[in-house]
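Student: Could you take me through one part of this model in close detail? I'd like to hear how the sheet is put together and what packs on it.

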Amino acid sequence: MKIWLLSISLALLISCKNKDNSTEESIVKYQQSKTLKMDIQYAYTILYVSDVPKTMEFYKKAFGFEQKFLTPENDYGEINSGTTTIAFANLGLGNSNFKKGFTESKLSEKPFGIELAFTTTEVEKVMESAIKSGAELLEETVTKPWGQKVGYLRDLNGFIIEICTPIQSAE
């Protein structure tokens, strides 16, 4: 009986060990990876623009978002856009953050390969409101093969905005 228990204990110990790490080290690494995964979340996007108050006013008029914060210097501001904040910083602040500089978004040039996507059940109505507020139509509204309605605009700084219906999960 003692030999049988000893054999089981030894088998468990061997199965719990990594090839080149101890069991204790494996547990520590597992706990650290769990902590890292739970310790980060997407908080906001910052768009670098020439005129922060003007840009914030556009987003308020075009989409009905509300101002969350604006510095007294008008060089940084945030809007509430649902669960994620959209922030705007002026070009001077951007240049102070990035010593090697960055590429400014401009309506006169091709847009960056990134977009802000806003979901709504009234795509055409939101697109129309945004265009009346100064957005530029990039692509007309279409229905994708998976049933989602999507249209594309550019804001007054040249950033791409997608207006779309929520994706329906196949349940």
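Tutor: Let's go through the sheet, then the helices on it, and end with one residue. Keep in mind that this is a predicted model. The sheet is open and has four strands in the order E5-E8-E7-E6, with mixed pairing. E5 (115–119) and E6 sit at the edges, each pairing on one side only. On average, neighbouring strands are turned by 15 degrees against each other, ignoring direction. E5 and E8 (residues 160–164) run parallel and are joined by five bridges, and Thr119 stands opposite Cys164 in E8.

Now for the helices. H3 packs on the sheet and touches E5 and E8, its direction making about 15 degrees with that of E8. H5, for its part, lies across E6, E7 (149–154) and E8, running at about 5 degrees to E7. These two helices also meet: H3 (residues 52–63) and H5 (residues 123–132) pack at about 145 degrees, with axes 8 Å apart. The crossing of H3 past H5 is right-handed. On the H3 side you'll find Phe58, Lys61, Ala62 and Phe63, and they meet Val126, Ser129 and Ala130 of H5. Sorted by class, that contact has five nonpolar residues, one polar and one charged.

Last, have a look at Leu138, which belongs to strand E6 (residues 136–143). Its relative accessibility is 31%, so Leu138 counts as partly exposed. Leaving out residues up to four places away in sequence, Leu138 touches Tyr152, Leu153, Arg154 and Ile160. Ile161 is 23 residues from Leu138 along the chain, and their C-alpha atoms are 8.9 Å apart.

Key: Residues numbered from 1 in each chain as written. Predicted model: local features only at pLDDT ≥ 70, side-chain atom pairs only at ≥ 80, totals over all residues. Heavy atoms only, no water. Axes fitted to C-alpha atoms, helices over the stretch in contact; angles between N-to-C directions. Left-handed = near helix turned anticlockwise from the far one by under 90°. Contact = heavy atoms within 4.5 Å. Nonpolar A, V, L, I, M, F, W, Y, C, P; charged D, E, K, R; others polar. Buried < 20%, exposed > 50% of the residue type's maximum accessible area, 1.4 Å probe, protein only. Pairing = 2+ DSSP bridges.
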